Amino acid sequence: MTLTVRQFPCLSDNYGFLIRDDASGKTACIDTPDAAAILKELKAAGWGLDFIFNTHWHPDHAGGNAEIQKATGCSIVGPAEVTRIAPLDREVHGGDTVALGETSFRVIETGGHTLGHIAYYDDADHVAFVGDTLFALGCGRLFEGKPEQMWASLSKLAALPDDTKVYCAHEYTASNARFALSVDPDPALKARADQVFAARQRGEWTVPTTIGLEKATNPFLRAPLLAGRVGKAGAPDYEAFAAVRAAKDAFKG
């Protein structure tokens, strides 16, 4: 492992992530949900900040860019859509590479939650920062994209190695688990949900997760297997996904 990750809570349910390339000491934060919390964590770690890596433009992901850049002099990297609320120093697209010292991140296009959403994947360490595309037992709402686009994005993430550690941006897992149990009777999901509920009662985090665990229990990645339960037997996979997403949007549990 050449990458150190410091995770900490921000706002009501976001996570902040500071990352450090151990070989060079170069550091970055993944998104900027809460400038004050991020600057406090930097000070606690004794780190400077070289980069902000944005995943998408929403204010709870890029709203702290200007304040943090002013305080640290860091460079801001992200998809073009971030310029809706803050300037970028480098615009990146799917297939680009972003270097943090000796750690290299591959940019993956993961549109759907927003049209230009991206993820950052460290191939060497099998670490992915996925913003609001994939959650533990969930996925992001489709505020801008269509189901076919989001399904393609989730499929890209599902194709990463099973041991990939997935850092998603929110602590939504307990509510996601309650919905998942309503559409998926698989015993592996029930066992995981019980673990999630117990962990949250103890005040423990459920992030990060892994690709393998999500493939086994996340109803959005399992949508093709649940097609019959959501009225989409024989339909294309993205339509089964759309039906699961619609069910989640309407879920009151």
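In this predicted model, the structural elements that cover the buried residues of α5 include β11 (134-135), β12, α6 (187-201) and α8. The residues of α5 that are buried in this way are Thr-173, Ala-174, Asn-176, Ala-177, Phe-179, Ala-180 and Val-183. Helix α5 (173-183) also takes part in the lining of the largest pocket, to which α2 (59-62), α5 and α8 each supply at least two residues.

The largest pocket has a volume of about 230 Å³, and its lining is made up of 16 residues, among which Phe-135, Cys-139, Gly-140, Arg-141 and Tyr-172 lie nearest the centre. By residue class, the lining divides into four nonpolar, seven polar and five charged residues.

Arg-141, one of the residues nearest the centre of the largest pocket, also takes part in charge pairing. The side chains of Arg-141 and Asp-249 meet in a salt bridge, with an N to O distance of 3.2 Å. Because Asp-249 lies in helix α8 (residues 237-250) whereas Arg-141 lies in the loop between β12 (138-139) and α4 (147-158), the pair ties together parts that are 108 residues apart in sequence. Neither partner is buried, since Asp-249 is partly exposed at 35% relative accessibility and Arg-141 is partly exposed with a relative accessible area of 40%. The pair belongs to a network of salt bridges in which Arg-141, Arg-245 and Asp-249 are linked.

In general, side chains of opposite charge can pair when their charged atoms come close. A search of the whole structure finds 14 salt bridges, and two further examples are described here. Asp-123 forms a salt bridge with Arg-106, the closest N and O atoms being 3.0 Å apart. This pair links distant parts of the chain, with Asp-123 in the loop between β9 (118-122) and β10 (127-131) and Arg-106 in strand β8 (residues 103-109), 17 residues apart. Both side chains belong to partly exposed residues, the relative accessible area being 36% for Asp-123 and 33% for Arg-106.

Asp-50 and Lys-26 likewise form a salt bridge, in which the closest N and O atoms are 3.8 Å apart. Here the distant parts of the chain that are linked are both loops, Asp-50 being placed between α1 (35-45) and β4 (51-53) and Lys-26 between β2 (14-21) and β3 (27-30), with their positions 24 residues apart in sequence. Asp-50 counts as partly exposed at 26% relative accessibility, and Lys-26 is partly exposed with a relative accessible area of 36%.

Attention then turns to the nonpolar interior. In soluble globular proteins, nonpolar side chains tend to be buried together. The largest nonpolar core of the model has 48 residues, and those with the most contacts inside this core are Ile-19, Phe-53, Phe-105, Tyr-120 and Phe-129. Helix α4 gives the most to the core, with five residues. Around Phe-129, when its neighbours within four places in sequence are left aside, the residues in contact are Leu-3, Val-5, Phe-17, Ile-19, Ile-30, Thr-55, Phe-105, Ala-119, Tyr-120 and Tyr-167. The contacts of Phe-129 thus include Ile-19, Phe-105 and Tyr-120, which are themselves among the residues with the most contacts inside the largest core. A second, separate core consists of 17 residues, including Cys-29, Ala-35, Ile-38 and Leu-49.

Methods. Residues are numbered from 1 along each chain as its sequence is written. This is a predicted model: local features need pLDDT of at least 70, side-chain atom pairs count only at pLDDT 80 or more; totals for chains, interfaces and linings use all residues. Side-chain values use heavy atoms; hydrogens and water are left out. A salt bridge is a side-chain nitrogen of Lys or Arg within 4 Å of a carboxyl oxygen of Asp or Glu. Helices (H or I, at least four residues) and strands (E, at least two) are DSSP runs, numbered from the N terminus. Buried means under 20% relative accessible area, exposed over 50%, partly exposed in between (1.4 Å probe, protein chains only). On a 1 Å grid over the protein atoms alone, a cavity is a set of points where a 1.4 Å probe fits but cannot get out, and a pocket is an open set with protein on both sides within 12 Å along at least five of seven lines; lining residues have an atom within 4 Å of a point. Grid points are joined across faces, edges and corners, and a volume is the space filled by probe spheres set on the points. Ala, Val, Leu, Ile, Met, Phe, Trp, Tyr, Cys and Pro count as nonpolar, Asp, Glu, Lys and Arg as charged, and the others, Gly among them, as polar. A nonpolar core is a set of buried Ala, Val, Leu, Ile, Met, Phe, Trp, Tyr and Cys residues joined through side-chain atoms within 4.5 Å. Contact means heavy atoms within 4.5 Å.
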